[in-house]
Amino acid sequence: MRWKTLDDMDFAGKTALVRVDINVPVAEGRVTDTTRIDKIVPTVSDILSKGGRVVLLAHFGRPKGKRVEDMSLRITLPALESALGRSVTFGEDCVGEPARTAVATGDVVLLENTRFHAGEETNDAGLAQELASLGDIYVNDAFSAAHRAHASTEALAHLLPACAGRLMEAELKALNAALGDPERPVVAVVGGAKVSTKLDLLGNLVGRVDHLVIGGGMANTFLAARGIPIGKSLAEREMTETALSILDKARAAACNIHLPQDIVVAREFKADAANETLPADACPEDAMILDAGPATTAHLARVFAECRTLIWNGPLGAFEIPPFDAATNAAAQEAARLTRAGQLVSVAGGGDTVAALNKAGAAEGFSYISTAGGAFLEWMEGKELPGVAALMR
């Protein structure tokens, strides 16, 4: 995997068009979580230190090709200026005279929501050409938007010398270390509610990893496919044949599938509900499986210890409510411990995954946590990401 980075470009006296993802949560007129803004600071600072000027391109919400004032990027300006420690010029549009005036005015410029133009999401060549006319170099620092072939993520990369920003560079290096050219053995943890939403993911992983851990509601579907009673548990019983097919593919590929060995069951789905731990094949008819048990987490600890690379997407149980977060917490904390000890390269991503690892207090111990949802999942599925492919031409 080869792409250019900021180190390969000469920014002196040049204007860099930097595609970022600052699609951040807001409430009562202000940004409530600056994580995505904080992550672009190294790229902006590096370009400025190399003598370049920065023009930020970004989307915000889903205005569907029309100007929607509630989705103006202007709302991010105070948080952006605070993170960068400097003033930022705002352009009232991302193309045309407002954009040209803003670009000519400041060293750091934020242009208005690219999705105010219908051509953004249709990857319109004309819109990309207008954007390209504003700068000299294209920098993509938005891996989380790289699975979309949009004008500012794909077409624009073909019109100017292009490279990855620091955030994109870190993401691509981490992903390459996890699945591109990993240290083996490799273990993947895949959890969540539904097998049907992760068919491509499971199909890709069984041919690329040595161990596949299946948790959450997905595990119930696989247990049911094996004829194991699961009571009233969340499951997709109509996916039985699909689950069996995945198990067959795993056997053919010498990929070891790991399902719960013991289960935590309850009659109610609520915090601190009365529960019991049972063997995986002993779920009562009137109960539901809400977590994996301690024997399972002990087994996973041994699997992790045997491996050199871990990829994680999805929780092992109903992590939102205690005590059904125990398996996710224990497994995450063990992965973090092995990572800190230098025994494991661990990469995780996806919305629920990040939330679960943060809740477990384990996120900081992982090698890399991707905040990209759809892009991370499509990468795990083995799909080409247009925004990344454009940088590798």
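The following questions and answers go through a predicted model, from its open sheet to its annotated binding sites.

Colleague: In what order do the six strands of the open sheet lie?
Modeller: The six strands of this sheet pair in parallel. Neighbouring strands are turned by 25° against each other on average, direction ignored. The order is E5-E6-E4-E1-E7-E8.

Colleague: Which strands are at the edges of that sheet?
Modeller: An edge strand pairs on one side only. Three bridges join E5 to strand E6, residues 108–111, and Phe 90 has Leu 110 in E6 as its bridge partner. The edge strands are E5 (89–91) and E8 (162–164).

Colleague: Which strands does helix H2 touch?
Modeller: Helix H2 covers residues 41–49 and packs on the sheet. Its direction makes about 150° with that of E4. The strands touched by H2 are E1 (15–19), E4 (53–57), E6 and E7 (137–140).

Colleague: Is Thr 76 buried or exposed?
Modeller: Thr 76 is found in the loop between E4 and helix H3 (77–84). Leaving aside neighbours within four places in sequence, Thr 76 is in contact with Ile 22, Val 24, Val 31, Ile 37, Phe 60 and Leu 110. The cut-off for buried is under 20% relative accessible area. Thr 76 has 0%, so this residue is buried.

Colleague: Which helix gives the largest share of the largest nonpolar core?
Modeller: In soluble globular proteins, nonpolar side chains tend to be buried together. Here the largest nonpolar core has 78 residues, and those with the most contacts inside it include Leu 111, Phe 143 and Trp 379. The largest share of this core, seven residues, comes from helix H7 (residues 166–180).

Colleague: How many residues does the second, separate core have?
Modeller: This core is separate from the largest one. Met 9, Phe 11, Val 20 and Leu 56 are among its members. The second core has 30 residues.

Colleague: Is Ile 22 buried or exposed?
Modeller: UniProt, in an unreviewed entry, places a "binding site" feature at positions including Asp 21, Ile 22, Asn 23 and Arg 36. Ile 22 lies in the loop between E1 and strand E2 (26–27). Not counting residues up to four places away in sequence, Ile 22 touches Arg 36, Ile 37, Ile 40, Ala 58, Phe 60, Leu 73, Thr 76 and Leu 110. At 0% relative accessibility, Ile 22 is buried.

Colleague: What relative accessibility does Asn 23 have?
Modeller: Asn 23 also lies in the loop between E1 and E2. Leaving aside neighbours within four places in sequence, Asn 23 is in contact with Arg 36, His 59, Phe 60 and Gly 61. Asn 23 counts as partly exposed because its relative accessibility is 27%.

Colleague: Which residues of the "binding site" feature with Lys 198 are in the lining of the largest pocket?
Modeller: The unreviewed UniProt entry places this feature at Lys 198, Glu 320, Gly 350, Gly 351, Asp 352 and Thr 353. From this set, the lining of the largest pocket takes in Lys 198, Glu 320, Gly 350, Gly 351, Asp 352 and Thr 353.

Colleague: Is Gly 350 buried or exposed?
Modeller: Gly 350 is found in the loop between strand E16 (345–349) and helix H13 (351–359). Leaving aside neighbours within four places in sequence, Gly 350 is in contact with Asn 313, Ser 370, Ala 372, Gly 373 and Phe 376. At 9% relative accessibility, Gly 350 is buried.

Colleague: Is Gly 351 buried or exposed?
Modeller: Gly 351 is placed in helix H13. The cut-off for exposed is over 50% relative accessible area. Gly 351 has 58%, so this residue is exposed.

Technical notes
Residues numbered from 1 in each chain as written. Predicted model: local features only at pLDDT ≥ 70, side-chain atom pairs only at ≥ 80, totals over all residues. Heavy atoms only, no water. UniProt positions renumbered as here; feature names shortened; annotations may be inferred. 1 Å grid on protein atoms, 1.4 Å probe; cavity = no way out; pocket = protein on both sides within 12 Å on 5 of 7 lines; lining within 4 Å. Helix = DSSP H or I, 4+ residues; strand = E, 2+ residues; numbered from the N terminus. Buried < 20%, exposed > 50% of the residue type's maximum accessible area, 1.4 Å probe, protein only. Contact = heavy atoms within 4.5 Å. Pairing = 2+ DSSP bridges. Axes fitted to C-alpha atoms, helices over the stretch in contact; angles between N-to-C directions. Core = buried A, V, L, I, M, F, W, Y, C linked by side-chain atoms within 4.5 Å.
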